[in-house]
Structures are given as structure tokens and as C-alpha cells.
Amino acid sequence: MQNFIYNGQPARVVFGSGTIARLPEEIERLGLRRVLILATPQQAADARHLADTFGDRAAGVYAKATMHTPVSVTEDAMREVAEREADGLVAVGGGSTTGLAKAIALRTDLPQIVVPTTYAGSEMTPILGETKDGVKVTQSSPKILPEVVIYDVDLTMTLPAAMSGVSGMNAIAHAIEALYARESNPVIGLMAAEAIGALADALPVIAGEPQDREARSRALYGAWLCGICLGSVGMALHHKLCHTLGGTFDLPHAETHTVVLPHALAYNAPAVPAAMAKLRAVLKTDDPATALYDLAERIGAKRALSQIGMPENGIDLAADRALANPYWNPRALEREPIRALIARAHAGEPPQT
Ligand code: NAD
């Protein structure tokens, strides 16, 4: 066995059905007196309903969380934190809401309780991506990591089937890149394999029957483990490519991950035989990249970047940008094969395995 370093991220996790009822207890446990509840405008009513359940410990609801964590929204929320004298944060929602809590915590060190309602996994990472003047800057700090995470399966039941599918594929991408990460280790390998198996089983069931609580539980459990993977080891080609494509063409986050994942895995496959052996076992297939392409179809996701807003004349620009800032990847990054990868993903063709 090779030497390794395992970096456990400290977080208390409460998982299950109906676990949101433990929120007042968790607020009490952290010794908080006035928590500000964060949400997106779409989940404002849920946040207000939740605030009612913990009475005078609720300092108010701030329901303006926005995708990609714009600094202007964070600054607006900071004024609310000060005016309401909040001493803690409760974020209820997906990665956008978690991002806002993290951004406030980075500036104030206020304790955070995060209640995720998608499969994005941000709640398990000390990473924050913020947008200012159209530029997204990512940073990592222990202050960013939430203190408590409450996974309540019941709150994920309303996540629309289409969004559930792509959000789950986004999570799988974290685990796949963790399998071959430079800092990967046996513990992360266990979590990644378990997570990929849980999500690959659950997502097609959810696509057909969004109210299947057992499948929802398996998916949320998998998403939690994928979040740990993302927060524990470095990511490579797949995440960098999605970041570049999303930033350059303003593409939707989870949908971009869903399209690119089979192609990025096919590119790296020859360089990562141990990870591929694990994926073959867990996905029960000889060809994991094609299995992921098929999974995208089974969950009803779009499989072409052209269908989610990338222009055809952007392929060369994307290839240039993907190679502009070199980063670690298990296989060397070469322009022609990377361009071919992007072209296939753009057209929605199967991955080249
Ligand atoms: P999101 O948080 O933007 O949610 C998408 C929409 O779905 C929102 O309108 C939200 O209110 C709604 N929604 C969420 N849960 C719902 C539910 N259960 N029922 C009904 N509607 C629901 O989307 P996301 O994919 O979770 O997060 C994407 C953001 O998270 C991006 O900005 C991405 O960069 C960030 N992210 C960050 C990390 C990290 O580690 N820093 C990791 C993953 C994602």
C-alpha cells in the first residue's frame, strides 16, 4: 500500500427523514440566540415557515441567494446580519444558498447550519466561489466550512425530476475525479465508490418516480459522500473544463457537468487503470464512460453542449482556455484531443472510449 495523507473535514451531520425537526436543538447546541435564515427567492416561503418553528431565535429571513454568489448580494446580506444582530446562519437550499452562507461566514466567522435541498455537495467543502464584475474567484478557508449539516430527505422531494438528475450527475463527477485525484487515498476511494453506486442506482428511479423516498434517500446519501470527496482532494480535467465552459459561455452548472463527465472520463481513462477498475465494478459495466453517457439519457438530461447554450464557434476558444492555465491531471493535457473532446461534447456524440 502507498503512503497517503487523509484530511478529514470537521462537520456534524444529521441525516434522515424529518430531521429538519432537530434544527431548534442544533441551534441550541451551538448556543445561538438570533439566527438569520438564508434562501433563494424561490424557496422564501419554505424559509419563512421554518423560521416560525424556532420563534424568537429567528432573527429574520434573507431570501435573495443567487447562483455563483455575487459579492453584491453578500454585501447586502451583511447589512442584514448587522442590522438584525444575527449570531448564526441557517441556509436552506442548494449550492447557491450554501454559497451565500459561506461567503458571510468567511467575513464574520458566524457559525453555519446548512440544510441542503439539492445534490450539489457544497456544504461539505471549505471552498467558496464568488463572482464580482463577471469574474468568479474561488478560495478555500476553514472558516468557510459549515459547523452542522442537516440532510432531510423530505426537503428534497420537491426538487424537480430534471434538476434532480443533473444535480446527481454533478455529484457523481466529484466522486469520479476523487478516485483518480493526486491526493486520493483509500478512505476517499471507499466513499467515492459507495457514492457513485448509490447515485447511479437512485437517479433513474427518481427520474421515473420523483416521490420514491427510498431512492431520494440513497441519492442524498450519495450526494453527501460526493461532497466529502470534493472537499477533501483536488479536482482535475472534468471540473476545470466545466468551470471554463460555464464561465466563458454562461452555461448552467449541473447540466454542463452532466454533458462533459463521460467525455472527461474517457480522456483520462488510459491514465487511471485502478480508478477504472473500481468504476467497472461499481457501475457493473466494461465501459464506465459510455455507461455515464447512457445514464444521462436514462435521467432525461441533455447530452450536448449545443443544447444548453454553447455556440459551435466557441469550440476553439474553449480548447484554448482549457489549456491556458496548466493544472494537474492524470493524463497530459494536449490541445488536439482536448479540442476533439469538446467538439464531441458539443455535438452530443458518445464519448471516445
Ligand atoms: P441552486 O442552489 O442554484 O438551486 C437551483 C434552483 O433550485 C433554485 O431556484 C433553488 O431555489 C431551487 N431548489 C433547490 N432545492 C429545491 C428543492 N428541493 N425543491 C424545489 N426547488 C429547489 O443549484 P445547485 O446546483 O444546488 O447549486 C449550484 C451552485 O452551487 C453554483 O453556484 C455552484 O458553483 C455552487 N457549488 C459550489 C460548490 C462548492 O464546493 N463551493 C460545490 C457545488 C456547487
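This passage describes the two domains of a predicted model and the ligand bound to the protein.

The domain assignment divides the protein chain into domain 1, residues 12-156, and domain 2, residues 161-347. The C-alpha centres of domain 1 and domain 2 are 26 Å apart. At the boundary, 18 residues of domain 1 are in contact with 20 residues of domain 2. The size of an interface is often expressed as the accessible area that is lost when the parts come together. For domain 1 and domain 2, about 1,700 Å² is buried between them, and 69% of this lies on carbon and sulfur atoms. On the domain 1 side, the most area is lost to domain 2 by Phe15, Tyr119 and Val153, which together account for 39% of what that side buries.

The ligand lies between the domains, because both domain 1 and domain 2 give residues to the shell around it. This shell consists of 23 residues, of which Thr40, Ser96, Thr117, Thr118 and Thr125 are the closest to the ligand. By class, 14 residues of the shell are polar, seven are nonpolar and two are charged. Helix 4, residues 95-108, supplies the largest share of the shell, with three residues.

Polar contacts to oxygen atoms of the ligand come from both side chains and backbone. An N or O atom in the side chain of Ser96 is 2.5 Å from an oxygen atom of the ligand, and for the side chain of Thr118 the corresponding distance is 2.6 Å. His68 takes part through a backbone N or O atom, 3.2 Å from an oxygen atom of the ligand. Taken alone, the ligand exposes 860 Å², and the protein buries 84% of that area.

Terms used
Residues numbered from 1 in each chain as written. Predicted model: local features only at pLDDT ≥ 70, side-chain atom pairs only at ≥ 80, totals over all residues. Heavy atoms only, no water. Near = heavy atom within 4 Å. Polar contact = N/O pair within 3.5 Å; in protein donor to acceptor, adjacent residues only side chain to side chain. Areas by Shrake-Rupley, 256 points an atom, 1.4 Å probe, with all protein chains shown as cover. Helix = DSSP H or I, 4+ residues; strand = E, 2+ residues; numbered from the N terminus. Nonpolar A, V, L, I, M, F, W, Y, C, P; charged D, E, K, R; others polar. Domains from an automatic or database assignment. Contact = heavy atoms within 4.5 Å. Buried area = accessible area lost by both parts, 1.4 Å probe.
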